[in-house]
Amino acid sequence: MTTYLEDISAGLRIETERRVVTAADIDAFVELSGDRNPLHTDDGYARDAGFAGRIAHGLLVLSIESGLSSAADDWAMGTYLEETRRFVEPVLPGDEIHSVSDVTAVRRSRSKPDRGIVTLRVETRNQRGETVLVGTDVIMVGARSRA
């Protein structure tokens, strides 16, 4: 069932499924992005830098979170307008992440009355409940009718 702007209100909470971030995910992101920073490719280097081992790229974690969030909602259109994140804690191979999003604002678009703007506070957490990413999403959502 498609969710329209009229079905969304401040206070709505959306929690995604969980997904394990693997060493293979990190390796694939290294190849895809070209980001070969040794924090992501070399356990010894990462340990010397104060981590438990190599860490996932923040943008990899953000990409996984975005995919998990897209699968968790069925919003009409659901087009990202803005996305901000603060990288709080590292994600290691084997960590299981999920996202919790709270709608903080909903409004009709001034320029496109058949659409609206939804703002969410987003937290991505690991299996220990620790926040690893935190930020805001602003999403355009289709309306059932014109205002």
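Let's start with a hairpin: E4 and E5 are joined through 6 residues. This is a predicted model, so please keep that in mind throughout. E4 covers residues 96-108, and E5 covers residues 115-125. Between these two strands there are 10 bridges, and the strands run antiparallel. If you'd like one pair to find on your screen, look for Ser99, which stands opposite Thr124 in E5.

Now follow the chain onward, and there is another hairpin. E5 and E6 form it, with 5 residues between them. In that turn, have a look at Gly129, which has a positive phi of about 80 degrees. The pairing of E5 with E6 is antiparallel and runs over 11 bridges. A pair to click on here is Leu120, whose bridge partner in E6 is Asp137. Hold on to Asp137, please; we'll meet that residue again in a moment.

So what sits on the other side of E6? That's strand E3, residues 79-87, joined to E6 by 8 bridges, again antiparallel. Phe87 stands opposite Leu133 in E6. How much of E6 is buried? Of the 12 residues in this strand, which runs over residues 131-142, 10 are buried, and the strand is mostly covered.

Back to E4, where we find the short strands from early in the chain. Strand E1, residues 13-15, pairs with E4 in the antiparallel sense over 3 bridges. There, Glu15 has Val100 as its bridge partner. Strand E2, residues 19-20, is joined to E4 by 2 bridges, antiparallel as well. Its Val20 stands opposite Glu96 in E4.

Let me step back to the whole chain. There are 4 helices and 6 strands. Reading along the sequence, you get two strands, then four helices, then four strands: β-β-α-α-α-α-β-β-β-β. For those of you thinking about box dimensions, the C-alpha trace spans about 60 × 30 × 25 Å along its principal axes. The chain has 147 residues, and 38% of them are buried. Taking contacts between residues at least 6 apart in sequence, 71% join residues at least 24 apart. As for the surface, the chain exposes about 7,800 Å², with carbon and sulfur atoms supplying 49% of that.

On to the charges, which I suspect many of you were waiting for. How many positive and negative side chains does the chain have? We count 18 positive and 24 negative, and the centres of the two sets lie 7 Å apart. Searching the whole structure turns up 14 salt bridges.

I'll walk you through three of these. In one of them, Arg108 meets Glu6, with the closest N and O atoms 3.4 Å apart. This pair links distant parts of the chain, since Arg108 is in strand E4 and Glu6 is in the segment before E1, 102 residues apart. Both ends have some access to the outside: Arg108 is partly exposed at a relative accessible area of 26%, and Glu6 is partly exposed at 34%.

Next, Arg144 and Asp7 meet in a salt bridge, at 2.7 Å from N to O. Here too, distant parts of the chain are linked: Arg144 lies in the segment after E6, Asp7 in the segment before E1, and they are 137 residues apart. Arg144 is partly exposed, with a relative accessible area of 49%, and Asp7 also counts as partly exposed, at 39%.

The third one is Asp95 with Arg128, where the closest N and O atoms are 4.0 Å apart. Again the link is between distant parts of the chain: Asp95 sits in the loop between E3 and E4, Arg128 in the loop between E5 and E6, 33 residues apart. Is Asp95 buried or exposed? Asp95 has 4% relative accessibility, so this residue counts as buried, the cut-off being under 20%.

And now, as promised, Asp137 returns. Salt bridges that share partners join Glu65, Glu83, Arg85 and Asp137 into one network. Asp137 is also the residue in E6 that we saw as the bridge partner of Leu120.

That's my tour. Thanks for listening, and do open the structure and click around!

Terms used. Residues numbered from 1 in each chain as written. Predicted model: local features only at pLDDT ≥ 70, side-chain atom pairs only at ≥ 80, totals over all residues. Heavy atoms only, no water. Buried < 20%, exposed > 50% of the residue type's maximum accessible area, 1.4 Å probe, protein only. Pairing = 2+ DSSP bridges. Contact = heavy atoms within 4.5 Å. Areas by Shrake-Rupley, 256 points an atom, 1.4 Å probe, with all protein chains shown as cover. Lys, Arg positive; Asp, Glu negative; His and termini not counted. Charge placed at Lys NZ, Arg CZ, Asp CG, Glu CD. Salt bridge = Lys/Arg side-chain N within 4 Å of Asp/Glu carboxyl O.
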